[in-house]
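Please examine the sequence and the model shown here. The explanation afterwards leads through selected strands, loops and contacts.

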Amino acid sequence: MLEPVSGQIVSDKPATTACPTAADVGPLQLYGQWLASIEGQAGSVSLRFEKHPERSESVAGSVSRAEGRSLLAGDVDGGQFHLEESIDGYNISAVWSGTVVTGSCGREIRGTWRRAGSELTQAFVLRKTPGWQ
């Protein structure tokens with residue numbers, strides 16, 4: 001057994017990271033870098049989520065595509081994921097709606113992406129990039 005440093009609690013049991021159920025995934029589990037594949041759109045899309053500056057139960061961030069960057073704001077509640085995308089920071093340009101995949105430990109979300117003003121939806125898969133808890 002290791003000798004404790006002053007004030008440190010030492011255990012000989014291996015550390016484990018809890019795997020949240022889909023229903024237990026909250027904003028904290030969304031923080032970090034994600035990659036998205038959107039049906040009908042070429043290449044991967046990169047998303048970054050962080051704490052929303054005004055709403056503690058929400059996330060804010062950005063999405064980067066070859067054609068530019070958009071702002072994001074949204075939330076996850078009971079396994080349901082909702083996100084608004086804005087090209088100009090004022091008007092909603094697209095909406096993401098999905099579900100946290102059961103058994104993914106909150107690291108995969110599937111749903112539909114819809115451009116504002118259109119009824120056409122495109123399937124998406126979001127996957128959290130390795131290295132983010």
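The paragraphs below begin with the strands, continue with the nonpolar core and a single serine, and end with two loops.

The model is a predicted one. A convenient place to start is strand β5, residues 80-86, which is joined to β4 by 7 bridges in an antiparallel arrangement. Strand β5 is also joined to β6, residues 94-100, by 6 bridges, and this pair likewise runs antiparallel. The register can be followed through L83 of β5: G74 stands opposite L83, and L83 in turn stands opposite W96 in β6. Between β4 and β5 there is a hairpin with 2 residues between the strands, where G78 adopts a positive phi near 60°.

W96 leads from strand pairing to the nonpolar core. The largest nonpolar core has 22 residues, of which L47, F49, F81, W96 and L126 touch the most other members. The elements contributing two or more residues to this core are β1, β2, β3 (59-65), β4, β5, β6, β7 and β8 (121-128). In soluble globular proteins, nonpolar side chains tend to be buried together. L126 illustrates how distant parts of the sequence meet: beyond its neighbours within four places in sequence, L126 is in contact with W34, L35, A36, L47, F81, W96, R107, E108 and I109. Three of the residues named for the core, L47, F81 and W96, are thus among the contacts of L126.

A polar residue in β4 deserves separate attention. S70 belongs to this strand, which spans residues 68-77. Is S70 buried or exposed? S70 counts as buried because its relative accessible area is 7%, under the 20% limit. The side chain of S70 makes a polar contact with the side chain of E85, at 3.4 Å. Apart from neighbours within four places in sequence, the contacts of S70 are G61, S62, V63, R65, E85, S86 and I87.

R65 provides a link to the first of the two loops. Q41 lies in the loop between β1 (32-38) and β2 (45-51). Although Q41 and R65 are 24 residues apart in sequence, their C-alpha atoms are 10.0 Å apart in space. Again leaving aside neighbours within four places, Q41 is in contact with R65, W113 and Q122.

The other loop, between β6 and β7 (108-115), contains C105. The phi of C105 is near 60°, a positive value in a residue other than glycine. C105 counts as partly exposed because its relative accessibility is 30%, which falls between the limits of 20% and 50%.

Notes:
Residues are numbered from 1 along each chain as its sequence is written. This is a predicted model: local features need pLDDT of at least 70, side-chain atom pairs count only at pLDDT 80 or more; totals for chains, interfaces and linings use all residues. Side-chain values use heavy atoms; hydrogens and water are left out. Helices (H or I, at least four residues) and strands (E, at least two) are DSSP runs, numbered from the N terminus. Buried means under 20% relative accessible area, exposed over 50%, partly exposed in between (1.4 Å probe, protein chains only). A polar contact is a pair of N or O atoms within 3.5 Å; within protein, one must be able to donate a hydrogen and the other to accept it, and residues adjacent in sequence count only if both atoms are side-chain atoms. Contact means heavy atoms within 4.5 Å. Two strands pair if DSSP finds at least two bridges between them. A nonpolar core is a set of buried Ala, Val, Leu, Ile, Met, Phe, Trp, Tyr and Cys residues joined through side-chain atoms within 4.5 Å.
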